[in-house]
Amino acid sequence: MRAVDIIAKKRDDYPLTAEEIDFFVQGFTRGEIPDYQAASLLMAIYLKGMNEQETADLTISMARSGKMMDLSPIAPLVVDKHSTGGVGDKTTLVVAPLVSAAGLPVGKISGRGLGFSGGTLDKLESIPGFQANLSTEEFMATLRDCGIVVVGQTADMVPADGKLYALRDVTATVSNISLIASSIMSKKIASGANAIALDVKVGLGAFMHTGEEAIALAHAMINIGQALGRRVAAVISDMNQPLGRAVGNALELKEAIATLHGHGPTDFLEHCLTIAGQMLLLANRAPDAQQAREMLLHELDSERAWHKFRDWIVGQGGDEAYINDPTLLPQVTLIENLPAPRSGYVAGLDAMKVGLTAALLGGGRARKGDSIDHAVGIVLAKKIGDYVKKGEPLLTIHANDEQKLAEARRRLLDAYSWSDEPVERPPLVHEIIT
Ligand code: URA
């Protein structure tokens, strides 16, 4: 078999066999197939698509590129969640401790920023010392000792996704249903969780822009998970405007910490309660969504979720001082309010434009392996439905470079649209598929 023939076959719109997919995935993982051929195949898949069988074959091949973990010696039931990618989406940082405090271990392979969307690992790595690269043995030990572990793809764990993910990030090949479904589900399958809540984002700041696309992505992932004996539910959640108020790695971490202390933004907390609630329901830990919510609120109010968060961060090497006092986290040199250009109701706040601006400020990568600036980002003061007087701050920009700050100002003004009439706030959740 030759990589070039497989690329040509997909370019010409023919389905690939399981053997061809596996040849490519394992060859690329071992370094025998170069980045430029993998990037070509990704683009061919992006443009021509994959059918259900090819998507399932790709998922299994990626999951098998490293070790497949068996978590049964640690706990009878381990749960996980995964978002398809959004802006201001720091959900894992709150959901994992909430659910773990309620008695369910959470074991998770996460990702870094992808395109305009932020990544959980980049947020966690704002904490000095935090180790996302654990061996499978360390993964199991941390899960057993702390009840939570969140790692990245390594040479041991889904290395194929680690390499493909980094390549997709910088080759404009992210927003394809088969590539997203296989990337997410390969991680879920390799990390061994029994029950998985999928947070499928839809809207301007998501990879899926329409409800139909989001539902198709949800079904693709549910089918793969169920075929492999996992319990899976999908929450189709709105991503037209950023979630919560903070966008940017350390800023989002601070917002998650505030939420765990009971003073985070309401929309973000509600979203976390929905996703965490689905995890309790999948694990049969609550009879219905209302009781799941009450259990979770109890974990929050009693600060047990916060203590879990602290144990987890310390368990993965993070310096406790930085989460006890988040003012120690990376800070920028330039902080500036953006005044409203007019009075009126905010009618739209384009999450994609906000996410791209956070990346431009230095919070995302333009090339593979780029380092990122954890401190930069945006804190929103006004969101859809809010009334604003001309000159009032719409948001605060956190930057480390004058030129980027000027460009951010321009782009962020363009992210807002206006109405003279009151505007309804968008729903947080469109649908839950179980
Ligand atoms: N999250 C992932 O892990 N992979 C994707 O492709 C998108 C979101």
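**Exercise 1. Sort the lining of the largest cavity by residue class, then find where the lining comes from.**

*Solution.* Start with the classes: the lining of the largest cavity has five nonpolar, 14 polar and seven charged residues. Keep in mind that this is a predicted model. Next, look at the space itself, which is about 280 Å³ in this cavity. Of its 26 lining residues, those closest to the centre are His 82, Ser 83, Gly 85, Gly 118 and Tyr 165. Finally, turn to the elements: β1, α5 (91-101), α6 (120-124), α8 and α9 each give two or more residues to this lining. The largest share, four residues, comes from α9.

**Exercise 2. Find the cavity that holds the ligand, and describe the shell around the ligand.**

*Solution.* First, locate the ligand: it sits in the largest cavity. Now list its neighbours, among them His 82, Tyr 165, Arg 168 and Ser 183. By class, the shell has four nonpolar, four polar and two charged residues. Then trace these residues to their elements: β1 (79-83), α8 (159-169) and α9 (177-190) each supply at least two, and α9 gives the most, with four.

**Exercise 3. Which side chains place an N or O atom within 3.5 Å of an oxygen or nitrogen atom of the ligand? Name three.**

*Solution.* Take the ligand's oxygen atoms to begin with. A polar side-chain atom of His 82 lies 2.9 Å from one ligand oxygen. For Arg 168, a side-chain N or O atom is 2.8 Å from an oxygen atom of the ligand. Now take nitrogen: a ligand nitrogen atom is 2.7 Å from a side-chain N or O atom of Ser 183. As a last step, consider cover: alone, the ligand exposes 240 Å², and the protein buries 96% of that.

Definitions and conventions:
Residues numbered from 1 in each chain as written. Predicted model: local features only at pLDDT ≥ 70, side-chain atom pairs only at ≥ 80, totals over all residues. Heavy atoms only, no water. Near = heavy atom within 4 Å. Polar contact = N/O pair within 3.5 Å; in protein donor to acceptor, adjacent residues only side chain to side chain. Areas by Shrake-Rupley, 256 points an atom, 1.4 Å probe, with all protein chains shown as cover. 1 Å grid on protein atoms, 1.4 Å probe; cavity = no way out; pocket = protein on both sides within 12 Å on 5 of 7 lines; lining within 4 Å. Sits in = over half its atoms within 2 Å of the grid points. Nonpolar A, V, L, I, M, F, W, Y, C, P; charged D, E, K, R; others polar. Points joined across faces, edges and corners; volume = space filled by probe spheres on them.
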